[in-house]
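Biologist: Could you take me closely through the part of this model that surrounds the ligand? I would like one connected account, going from the overall setting to the individual atoms.

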Amino acid sequence: MNFALTEDQKAIGDMVRQFAQKEIAPKAAGLDARSEFPSENIKKMAELGLMGMMIPTEWGGAGFDTISYCLALEEISAACASTGVTMSVNNSLYCGPILKFGTPGQKEKYLRSFAQGKKLGAYALSEPGTGSDAANQQTTAKKTGAKYILNGRKNFITNGPHADAMVLYAMTDKEKRHKGISCFIVEKGFPGFSIGKIEKKLGICASSTSEVVLDNCEVPVENILGQEGAGFSIAMATLDSGRIGIGTQALGISRAAYEAALAYSKQREAFGQAISQFQAIQHYLADMALKIDASRLLIHRAAWMRDQGMPFSKEAAMAKLHASEAAMWITTKAIQVFGGYGYIKDYPVERHFRDAKITELYEGTSEIQRLVIARSILKN
Ligand code: CAA
């Protein structure tokens with residue numbers, strides 16, 4: 001077994017760390033406070049090839065492996081978790097399924113410019129009454145001539161207001177439940193497509209999240225991704241990869257909180273010494289370091305399995321579950337290390353704490369990750 005990164009992987013991690021700390025981290029608190037979408041960050045990241053990292057160069061991507069993607073996403077998320085999720089959704093939830101299931105024509109039109117980061121993609125599965133039970137889609141798609149007519153509402157769509165196109169799920173045959181779900185590539189300009197409510201959130205405030213409204217939305221038949229009825233499998237397979245990304249986002253948040261707490265503990269004095277000299281604080285720091293290492297190992301295992309072409313649903317669920325729960329614990333304790341200063345906005349840990357919570361919710365709640373893991377264990 002070899003735990004060492006390759007020279008290329010190390011170089012990518014180092015390059016993105018320097019970029020993220022110089023260009024992204026200093027702006028993160030301001031973007032969060034203003035709930036301002038990180039357009040400038042995305043533009044610079046596109047120039048570095050970070051918006052389509054696992055997409056082959058022939059389709060406009062950077063052609064990296066999943067571990068390199070995780071190393072880069074950890075650095076971006078440590079600097080700004082809102083920018084991290086924007087990157088993650090475009091890379092894995094939008095570009096990923098188009099690469100895997102798209103026709104050459106779809107790739108030319110809907111992958112190249114998105115992998116280059118010139119355009120932004122989204123993933124529209126959730127609906128107002130359909131979250132964890134993703135098979136219970138209420139949005140419908142009816143084929144009429146050369147078009148599908150889509151009706152329904154999608155909600156909590158990351159990148160929604162800024163996306164040029166999205167991978168979107170709808171029922172083509174309600175009788176068949178999950179086997180009646182199909183997947184479509186929907187452009188923001190299609191007739192009948194509009195953006196609904198824009199959400200105000202607890203954390204990742206600089207990322208954009210909205211409803212998507214489909215009112216007799218006209219989608220050309222050639223925009224179906226995969227076969228009619230294959231949508232649910234596409235959604236699930238896509239989320240397997242997405243969950244590695246959200247675990248990585250959680251890891252980046254954890255690392256940022258830990259590094260802030262560590263530095264503060266060495267500098268803050270109480271009872272005549274640095275608080276890092278107290279055993280209570282040392283135990284927090286030790287547990288933070290342990291949870292960060294465990295998260296990273298689980299994430300890199302899942303990423304490695306993906307790169308080998310092995311099944312990795314369970315391992316991706318384990319990585320996301322552990323990393324997100326660790327992020328909640330680490331950010332909570334980071335505030336504890338800062339004491340009252342951790343609770344105010346002069347220091348970054350309250351933002352990390354707010355940002356961490358979403359990682360236990362999106363791309364499958366912690367309860368859904370446990371369900372995926374348990375089903376996999378019981379199947380064998
Ligand atoms: N890959 C491919 N196919 C899969 C699969 C996978 N990982 N998991 C299941 N399937 C297939 C099954 O093989 C089965 O196919 P057949 O009927 O042909 O055998 C079919 O899908 C149905 O599987 P299940 O019986 O397991 O389906 P279920 O209804 O019990 O649901 C679930 C399973 C795991 C609960 C699923 O609904 C789920 O993951 N829910 C959570 C949804 C979620 O993560 N939403 C996130 C929204 S996106 C988001 O958050 C983006 C963002 O903003 C950042």
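Modeller: What follows is an account of the ligand and its surroundings. The model is a predicted one, and in it the ligand sits in the largest pocket. Domain 2 (121-229) and domain 3 (238-378) both contribute residues to the shell around the ligand, so the ligand lies between these domains.

Turning to the elements that build this shell, at least two residues each are supplied by helix 4 (81-101), strand 3 (147-158), helix 7 (231-267) and helix 11 (366-379), and it is helix 7 that gives the most, with seven residues. By character, the residues of the shell divide into 13 nonpolar, eight polar and six charged, while among the 27 residues around the ligand those that come nearest are S132, T158, H178, K179 and R375.

At the level of atoms, oxygen atoms of the ligand take part in several polar pairings: a polar side-chain atom of R243 lies 2.9 Å from a ligand oxygen, whereas E363 places a polar backbone atom 2.8 Å from an oxygen atom of the ligand, and G364 has a backbone N or O atom at 2.9 Å from a ligand oxygen. As for cover, the ligand taken alone exposes 1,100 Å², of which the protein buries 72%.

Terms used:
Residues are numbered from 1 along each chain as its sequence is written. This is a predicted model: local features need pLDDT of at least 70, side-chain atom pairs count only at pLDDT 80 or more; totals for chains, interfaces and linings use all residues. Side-chain values use heavy atoms; hydrogens and water are left out. A residue is near a molecule or strand if one of its heavy atoms lies within 4 Å of it. A polar contact is a pair of N or O atoms within 3.5 Å; within protein, one must be able to donate a hydrogen and the other to accept it, and residues adjacent in sequence count only if both atoms are side-chain atoms. Accessible areas come from the Shrake-Rupley method with a 1.4 Å probe; for residues, only the protein chains shown count as cover. On a 1 Å grid over the protein atoms alone, a cavity is a set of points where a 1.4 Å probe fits but cannot get out, and a pocket is an open set with protein on both sides within 12 Å along at least five of seven lines; lining residues have an atom within 4 Å of a point. A molecule sits in a cavity or pocket if more than half of its atoms lie within 2 Å of its grid points. Helices (H or I, at least four residues) and strands (E, at least two) are DSSP runs, numbered from the N terminus. Ala, Val, Leu, Ile, Met, Phe, Trp, Tyr, Cys and Pro count as nonpolar, Asp, Glu, Lys and Arg as charged, and the others, Gly among them, as polar. Domain bounds come from an automatic or database domain assignment.
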